[in-house]
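Grab a pencil and keep the 3D view open while you work. Each exercise below comes with a solution in small steps.

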Amino acid sequence: MSRPKVIVTRRWHPDVEAVLSERYDTVLNVDDHPMSVAELQDALRSADAVLPTVSDKVNAEVLSATNIRAKILGSNGVGFNHIDLDAAKAAGLTVTNTPEVLTDCTADLAMTLLLTVARRVGEGERHLRSGEWTGWRPTHMMGTSVTGKTLGLIGMGRIARAVAARAAHGFNMKIIFHDPFPPKAEDIADLNATQCASPEEVFAQADFVSLHCPGGKETYHLISTAAFAAMKPGAFLINSARGDVIDEAALVIALKNGEIAGAGLDVFEKEPAVSADLLTMENVVLLPHLGSATMETRKAMGMRVVENIDAFFAGETPRDKLV
Ligand code: DGY
């Protein structure tokens with residue numbers, strides 16, 4: 001029996017590519033270039049499974065391709081706002097993602113951003129490497145303490161709870177959160193977390209606001225001018241979720257006007273483009289979407305995709321089926 005044909009849109013962890021090549025008639029993206037609309041459409045027309053990543057925009061235009069042969073999109077990532085789920089469903093595609101396996105890794109990165117921006121780590125390293133450091137002095141590069149401060153979480157899903165656990169148990173932080181779909185009491189029992197009725201309630205109290213909501217229509221520009229005005233002047237904003245949750249132009253103005261103290265960002269509104277103003281600001285930490293970027297996690301994510309498509313081609317319902 002011929003093996004299903006699988007197209008992988010970017011390079012993946014080598015162990016995962018090896019497993020895919022063993023089990024399927026697999027086409028790899030050898031030079032790792034981002035695929036165009038036409039290439040994604042060709043992939044949908046010529047393969048049984050297409051395995052995109054969170055940077056492939058599998059939107060209504062891509063999915064309007066005629067004669068689609070693919071039956072499953074096994075996406076490599078937990079977020080799925082890059083895929084038009086309605087259009088995928090209408091095109092007869094099953095769509096899966098990779099939850100759970102990247103929770104700790106992404107939570108570690110959110111804490112890294114928080115600590116880096118509060119303690120001026122990026123700025124300090126640039127200062128030292130530039131040869132400008134003249135030695136210890138009591139007023140040199142004073143940052144902001146983290147231990148004991150209030151962390152406000154927007155969204156309280158798995159990654160937010162993992163961040164809260166690190167912050168509460170490692171840094172004795174007070175945890176407050178808002179989520180329109182709050183977790184069960186037992187899932188947050190050991191966090192001593194206080195639920196807020198609105199994002200504004202979080203903004204008013206938090207020393208650090210960390211975003212953990214999905215991207216897309218519902219949360220587009222949730223953090224804009226009004227949110228910055230509601231935050232404490234000394235607050236820091238951390239985003240390891242999705243770039244379009246923040247109105248980046250409003251963030252630049254808020255930082256310039258000192259409405260907030262700084263920001264730690266792993267994701268951007270027009271990724272991979274970053275607002276030019278942010279690039280010049282010392283009180284901003286900028287990372288290139290590294291939330292899940294460890295060898296262990298990227299392998300686990302890829303293997304979760306393999307598990308999903310294996311189940312699909314075995315005639316079972318994949319564990320992470322979205323539609
Ligand atoms: C995801 O999985 O959604 C991340 O943004 C990439 O790790």
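Start with Gly79: one of its backbone N or O atoms sits 2.8 Å from an oxygen atom of the ligand. Keep in mind that this is a predicted model.

**Exercise 1. Find which side chains put a polar atom close to an oxygen atom of the ligand, and say how much of the ligand the protein covers.**

Step 1: Look at Arg242. An N or O atom in its side chain is 2.6 Å from a ligand oxygen.

Step 2: Move on to Ser292, where a polar side-chain atom lies 2.5 Å from an oxygen atom of the ligand.

Step 3: Now for the cover. On its own the ligand has 230 Å² of accessible area, and the protein covers 89% of that.

**Exercise 2. List the residues around the ligand, then sort them by class.**

Step 1: Collect everything with a heavy atom within 4 Å of the ligand. You should get Val54, Gly77, Val78, Gly79, Leu102, Arg242, His289, Ser292 and Met301.

Step 2: Pick out the nonpolar ones. Val54, Val78, Leu102 and Met301 go here, which fits the count of four nonpolar residues in the shell.

Step 3: Sort what is left. Gly counts as polar, and the shell has four polar residues and one charged residue. The charged one is Arg242.

**Exercise 3. Work out where the two domains lie along the chain and how far apart their centres are.**

Step 1: Read off the domain assignment. Domain 1 comes in two pieces, 5-101 and 295-313, while domain 2 covers 103-286.

Step 2: Take the centres over C-alpha atoms; 31 Å separate the two.

**Exercise 4. Describe the interface of domain 1 and domain 2.**

Step 1: Count the residues in contact: seven from domain 1 meet seven from domain 2.

Step 2: Add the area. About 570 Å² is buried between the two domains, and carbon and sulfur atoms give 44% of it.

Step 3: Ask who supplies it on the domain 1 side. Asn81, Glu100 and Thr297 bring 67% of the area that domain 1 buries against domain 2, more than any other three residues.

Step 4: Check for charges. The rule finds one salt bridge across this interface. Glu100 pairs with Arg158 in a salt bridge, with the closest N and O atoms 3.4 Å apart.

Step 5: Finish with the polar contacts, which come to three residue pairs across the interface.

Key
Residues numbered from 1 in each chain as written. Predicted model: local features only at pLDDT ≥ 70, side-chain atom pairs only at ≥ 80, totals over all residues. Heavy atoms only, no water. Polar contact = N/O pair within 3.5 Å; in protein donor to acceptor, adjacent residues only side chain to side chain. Areas by Shrake-Rupley, 256 points an atom, 1.4 Å probe, with all protein chains shown as cover. Domains from an automatic or database assignment. Contact = heavy atoms within 4.5 Å. Buried area = accessible area lost by both parts, 1.4 Å probe. Salt bridge = Lys/Arg side-chain N within 4 Å of Asp/Glu carboxyl O.
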